[in-house]
Every structure is written in C-alpha cells, then in structure tokens.
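User: Please take me through the surroundings of the ligand, and set each value against the definition behind it.

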Amino acid sequence: MLQEEIINKTLNTTLTTLLEKIQNKTIKVGVIGLGYVGLPFLVEKAKVGLHVVGIDRNEERVRKVAIGENYIEDVHDNELKDIVAKGLVTATSDMSALREVDVIVICVPTPLDKNLCPDLHYVISVSHLIAENLKVGQLVSLESTTYPGTTEEIIQPILESSGLKAGSDFFLAHSPERVDPGNKRYSTHNTNKIVGGVDASSLKAAESFYRLAIKDVVPVSSAKVAELVKIYENTFRSVNIALANEIALLCDRMKLNVWEILDAAFTKPFGIMPFFPGPGVGGHCIPIDPHYLEWKAKEYHFDMRFIALAGEINRKMPNFVFDKITRALNNVKKPLNGASILMLGVAYKSNLTDHRESPALDVYRLLKNAKAEVQYHDPKIPYLEEFDIHSTKLTDDVLRASDLVVITTNHTEVDYQQVVSMASLVLDTRNATRGIESDKIILL
Ligand code: SAJ
C-alpha cells in the first residue's frame with residue numbers, strides 16, 4: 001500500500017473512531033472555563049447523557065459545580081443538581097484531566113487590554129496546557145469570541161508543538177458561543193450554532209459533536225469564517241446601538257423625544273430592527289468583541305471605521321447622562337456638589353445580576369468625582385465591590401429625600417409609578433417610565 005494510502009487510512013481511522021464514539025455518545029467532554037458560556041454548555045452536553053468534566057482554575061467554581069451548586073443565571077439550579085446526581089458531571093482544576101476526554105471545549109474570556117487591544121492570554125495559556133495533555137484522536141473547539149485567525153494562527157501552532165498534527169492526529173475547530181444572557185426564549189440548546197474547522201476532517205468531527213446537543217448546526221468553510229461571523233454579529237449590534245445613541249444626542253439638541261421617534265420608526269413592518277439609546281453599552285461582548293476585529297483589520301491595512309466610531313459614541317454616553325443630570329439639577333437651582341442622587345439599576349442590562357462593564361458604574365464614578373451624594377438601588381445587585389457600597393432599600397423616604405433619581409437599568413420588578421410619585425425629579429435613560437405621564441420625568 002502506498003505511503004499516501006497508509007496516511008489516509010490512519011487519518012480515516014482516527015476520524016472514524018472519534019465519529020463512532022460521538023455517534024454512540026461514549027465520548028467524554030472537557031469544558032475549560034466554567035463561566036456564563038462554559039457552565040451552560042457543560043449542562044447542555046450532560047443533559048443529552050454525555051460525561052462532562054468541568055475545568056476551571058477557580059477552585060470555588062470547581063467546588064460548586066462538583067456538588068451541583070449553580071452560580072450562573074442562565075442555568076437552572078435543578079438541572080445542574082440533576083446531572084451531577086446522575087454522575088455525569090465532575091469538576092477539577094487539574095488540567096491533566098484532559099487526558100481522559102475525547103473533546104475539549106475552550107470557554108475562557110477574551111477581554112481587551114487598557115488600550116482596547118485583544119488580550120488572548122487566557123486562550124494562549126490554556127492552549128499550552130492542552131498541548132501538554134493532548135492525545136491522538138481528540139477534538140479541540142474554541143468557543144470564546146475572538147478575531148478571525150486566532151484558531152489557525154495562535155491555537156493550532158501551540159497545540160502542534162505537542163508533535164501532533166491538526167486534521168490528522170487531532171481535530172481543531174471554532175464554534176462561537178451565542179449566549180444571550182437573560183434571554184428566556186433562546187438557550188444554548190435552541191440557538192443555531194456556527195461551526196468551522198481548520199480542515200475538512202476537523203469540521204466533520206466538530207459538526208458531529210455539536211449536533212448531539214444543539215438543534216441546528218451551521219457548518220462554514222473554515223475556523224476563520226466562523227470567527228468572523230460571530231464578530232460581525234456583535235459589531236452589528238454595537239453599530240446599531242451607537243446609531244440609536246447618536247440620534248438621542250441629536251434629539252437632545254433639537255429638543256425632540258428620541259423615544260417617540262424610534263417607537264414610530266419601528267412601526268415600519270420591514271427593513272428596520274429595534275435598537276434603543278441608553279446610558280452606554282455594557283456586558284462582556286458588545287463593548288469588547290468588535291475591537292478584536294478592528295485590531296486584526298489593521299494587519300490588512302484596513303480601518304474598521306464603523307467599529308471605532310460605534311465604540312466612541314457608546315463610550316461617551318455615560319458622560320452625556322452626567323451632563324443631563326447636571327442640567328436637570330441646574331434647572332431647579334441645585335448644584336451637583338452635595339446633591340443627593342439615587343441611581344436605579346447598576347446591572348449592564350435589565351433583569352440581570354451582572355454588572356461587568358456596566359455604564360452605570362461610569363455614571364456613578366462621574367457623580368462621585370463631582371462630589372454628589374450618590375447611592376444606588378438594584379434589586380439584583382446587593383453589593384458593588386468596586387466601590388464597597390451596598391444597594392439602598394427603595395423606600396418612599398429614600399425617594400422623597402433624593403434631589404434626583406436616575407434610572408440607569410430598567411429592571412422590570414421596580415415600581416416606576418411609585419418612583420415617579422415619590423421622587424421630585426427623575427432622569428430616565430431607559431424609557432422605563434414609558435406610559436407614565438409626569439413633568440418630573442426627563443427622558444434621555
Ligand atoms: N443595549 C442598548 N440598546 C439596545 C440594546 C442593548 O443600549 O438596543 C445595551 C444593553 O443595555 C447592554 C449592552 O447594550 O448594556 C449589550 O446588550 P446586548 O443584549 O446587545 O448584549 P449581551 O452582551 O447581553 O448579549 C449579547 C447577545 N445579545 C443579543 O443578541 C440580544 C449577542 O449579541 C451575543 O450572543 C452575546 O452578546 C455574546 O455572547 O456575544
């Protein structure tokens with residue numbers, strides 16, 4: 001038999017062996033990173049009967065997962081308890097556990113550094129640890145959102161430093177997470193999933209794996225394509241949110257109600273999609289991911305101006321809110337210095353307990369620096385470690401004592417009618433008071 005045929009035969013054997021294990025669900029899965037992407041992913045895979053080991057360097061997370069104690073909002077407590085009780089889930093901080101699995105899924109953060117440049121140190125360090133434990137026949141899939149080229153240009157060489165070859169000895173793919181925190185309709189299971197491999201065999205292996213727990217899998221021609229698809233999705237949101245914010249800035253000057261304009265525009269039954277202004281853009285995705293693409297594009301001497309402009313507009317919204325607060329107090333002859341201000345909501349978006357990158361924190365900083373007396377109430381966030389402050393109980397007295405109430409997150413459980421009745425002035429940056437008539441309300 002020719003050398004070529006021997007290689008192909010081995011290749012096919014390695015791939016077919018993995019595909020068979022996937023199809024008969026005897027594979028074991030390792031999920032690295034047990035955060036808002038990794039833990040829901042782990043649960044979905046265990047729910048279809050796969051044995052999954054959760055791996056995280058955070059011992060507290062490992063301890064909680066090992067005993068089935070949930071800490072992620074989008075995971076149902078009972079589901080995690082149930083799969084742990086069934087013996088389908090274990091957890092460890094020891095990366096050598098990777099030697100026992102067939103599929104390795106990377107769900108670690110991909111943040112920006114202080115200069116808005118990609119910070120891949122989590123991905124890189126995890127890739128080196130995987131390379132130390134990599135075995136023939138394993139599939140490695142990156143879920144973390146990143147710039148096109150990361151899987152092939154960064155991860156693949158690190159993994160191949162093990163001496164194993166991607167596409168023949170092991171398989172490598174990118175399948176971007178599409179988690180929408182707080183979304184009650186779309187979960188990991190019923191959100192269609194993009195999958196791209198570094199080669200045809202890797203795509204075949206990854207597609208087969210993802211189909212076990214996700215209804216619709218969308219294969220694309222490469223890992224790079226899959227990476228760009230996800231970044232485009234988030235850029236689409238960032239740019240459209242920025243457009244809504246820019247219209248709000250113009251309406252402020254034109255003394256027009258931006259919410260009335262947008263509500264009317266969204267009555268159009270086609271060719272438009274609702275986006276709204278706000279105090280800024282928070283979360284771990286929209287303010288961050290598009291800048292991964294902006295950075296990569298420069299390598300091709302290309303300026304992603306929409307991304308830069310959208311980021312600039314969205315980042316200046318907290319200052320715009322601060323400016324509105326200053327003007328509102330000035331109109332009632334109250335200096336900002338010493339004014340008692342109650343901020344309603346610090347989560348980055350409604351009905352979540354997550355306040356990472358929240359624009360409300362920027363507004364709080366600006367008010368503190370201006371020596372206002374600021375407190376906050378957020379029914380979902382009892383304590384802010386960044387400022388070592390606790391959420392104030394929302395009472396009529398607290399509302400009456402405030403010179404201004406600023407609504408920065410529109411949690412649905414807050415009684416905005418009561419807020420408007422008791423407060424003397426309300427700046428509403430989220431149109432949470434929609435339908436309430438009062439001259440106390442100032443809209444963004
Ligand atoms: N925001 C606005 N106006 C809008 C929409 C959002 O100001 O019209 C603000 C929100 O208040 C929040 C920020 O933008 O502070 C981001 O909100 P988001 O819902 O766009 O982003 P995430 O990070 O909660 O979740 C998103 C997913 N959201 C949706 O698709 C609705 C999706 O883009 C990704 O699947 C996910 O990030 C991710 O993981 O990339």
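Analyst: What follows is a set of questions and answers on the ligand and its surroundings. This is a predicted model, in which local features need pLDDT of at least 70 and side-chain atom pairs count only at pLDDT 80 or more, while totals for chains, interfaces and linings use all residues. Residues are numbered from 1 along each chain as its sequence is written, and side-chain values use heavy atoms, with hydrogens and water left out.

User: What makes the pair between the ligand and arginine 237 a polar contact?

Analyst: A polar contact is a pair of N or O atoms within 3.5 Å. An N or O atom in the side chain of arginine 237 is 2.6 Å from an oxygen atom of the ligand, so this pair meets the definition. For tyrosine 348 a polar backbone atom is 2.6 Å from a ligand oxygen, and for arginine 430 a polar side-chain atom lies 2.8 Å from one.

User: How much of the ligand does the protein bury?

Analyst: Taken alone, the ligand exposes 740 Å² (accessible area by the Shrake-Rupley method with a 1.4 Å probe), and the protein buries 87% of that.

User: Why is the ligand said to lie between domain 1 and domain 2?

Analyst: Domain 1 (2-220) and domain 2 (238-443), with bounds from an automatic or database domain assignment, both give residues to the shell around the ligand, and therefore the ligand lies between them.

Key. A polar contact is a pair of N or O atoms within 3.5 Å; within protein, one must be able to donate a hydrogen and the other to accept it, and residues adjacent in sequence count only if both atoms are side-chain atoms.
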